Amino acid sequence: MTNEEYKEAVDWLFVQAPNYQTDGEKAYKPGLENIIRLCAFFGNPQENIKCIHIGGTNGKGSTSNMLASVLQESGYKIGLYNSPHLIDFTERIKINGVNCDKEFVFQFIQKLKTLPEDIFPSFFEFTTIMAFEYFYQKNVDFAIIEVGLGGRLDSTNIITPLVSAITNVQLDHQNILGNTIEEIAFEKAGIIKRSVSIVFGDDDKVVQNIIKAKAENENANLIDATLKQTNLQSDLKGNYQEKNIKVVLGLVDELKKLGLKISELDVENGLLNVHQNTGFIGRWFEFSQDPLTICDTAHNQAGLEQVFSQLNSMPMHKHVVLGFVNDKNIDEVMALLPKNSVFYFAKPSINRGRHPNDYADLLAKAKIIYKIFDSVQEAYLSAKQQATPEEMIFIGGSNFVVGEFLEKNLIHKE
């Protein structure tokens, strides 16, 4: 397999299967019928791997990577399925921090081409069965599976895990999951399985009541991670990680009850070495110190509110590069923008990317200092040129903004 053959195969995957990141709702196929048939076609590999299921609106990527790091420190071989990828497709499927083998991806896509014509999987369904098969073939000890969207009808919900977690419930993807917190909580609670413990990390009483009701109905032990007290720290430095760490600790406690050998030192070291152990980047990720340059993939109101609050706590002047996708409510973002900042708005280079000219009227009303750019890289280079060593740069607003920034600059930096 050549690099060109690999690229053609992955391009085929994006063309054949609608991808949520480029085609919006067309890629979301509610219901599990497709993934059930798809897994059956490949011999149901998900039934032969021990899984941990992690859902929630925000924090599920950080939580799954922190847990993977802890379990790796404990000596286990850990499969990790995350989405979306930031730079390379193979980031979605990892074992002990190593991206999925490109030869496997290439060969698996050849098998996908032989699917019966009456099975029409989405892009995420394709990648989900790919992860299950890879983890099965590589004989992982445990596979940590991150929910893609929602929970109840998400294609990852075909698994019966050892333990599950819901990090929190916030407003996001309302056009698909529902317009209220209650509706979204119902969808998230759909990953709760019969007699499978569920760790929950949200202190919103309305949400808690919905999760509790579902857990009681399924005879599932509910662990309220918000009650945990800890001083443990992580190398993932966002202030919001404090709540995610508590969810990880809840998961560790449940896994230890199931017989896993995880020491306190494993937990401490695992939390402190997430970048090294899993290769996880993009969450309050310090790209540079000259000037201080941080990027974060927070993209909904709750996530951006936390990130911008942390930016506001930093006294230096800020150069903030932001970009959004078409379904983003820009009004909400304008109300949250950090103070003491100049802004560089750009269009992410994907089909769903929204050009700042489309919301120029809102920018004009916001009483901020800003410039508009056609690309994330142009915006970043302008910010870099303007920033002094005593100031800082922030890049965010979307997974795709951060991915584009890292793809253009991280490899060159290394």
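**Exercise 1. Find what the buried residues of α13 pack against.**

Start with the model: it is predicted, so local features need pLDDT of at least 70, side-chain atom pairs count only at pLDDT 80 or more, and totals for chains, interfaces and linings use all residues. Residues are numbered from 1 along each chain as its sequence is written, and side-chain values use heavy atoms, with hydrogens and water left out.

Step 1. Know the terms. Helices (H or I, at least four residues) and strands (E, at least two) are DSSP runs, numbered from the N terminus. Buried means under 20% relative accessible area, exposed over 50%, and partly exposed in between (1.4 Å probe, protein chains only). Contact means heavy atoms within 4.5 Å.

Step 2. List the buried residues of α13. They are A302, G303, L304, V307, F308, Q310 and L311.

Step 3. Look for their partners. These buried residues pack against β10 (292-296), β11 (318-322), α14 (330-334) and β16 (392-396).

**Exercise 2. Check the span of helix α13.**

Step 1. Take the rule: the expected span is 1.5 Å times one less than the number of residues.

Step 2. Apply the rule. Helix α13 (residues 301-312) has twelve residues and should span 16 Å. Its end C-alpha atoms are 16 Å apart, so the two values agree.

**Exercise 3. Describe the aromatic pair of F14 and F123.**

Step 1. Set the cut-offs. Rings of Phe, Tyr and Trp (its six-membered ring) pair if their centres lie within 6.5 Å; planes under 30 degrees apart are stacked, over 60 edge-to-face, and the rest tilted.

Step 2. Search the whole structure. The search gives 19 aromatic pairs.

Step 3. Classify this one. F14 and F123 are 4.6 Å apart, centre to centre, with 45° between the planes, and the pair is tilted.

Step 4. Place both rings. F14 lies in helix α1 (residues 3-16) and F123 in helix α6 (residues 123-137), so the pair ties together parts 109 residues apart in sequence.

Step 5. Compare exposure. F14 is partly exposed at 25% relative accessibility, whereas F123 is buried at 2%.

**Exercise 4. Trace the surroundings of L13.**

Step 1. Locate L13. This residue is in helix α1.

Step 2. Read its exposure. L13 has a relative accessible area of 0%, so it counts as buried.

Step 3. List its contacts. Leaving aside neighbours within four places in sequence, L13 touches F89, I109, L112, F123, F126 and M130.

Step 4. Check one distance. The C-alpha atoms of L13 and S122 are 9.6 Å apart, though 109 residues separate them along the chain.
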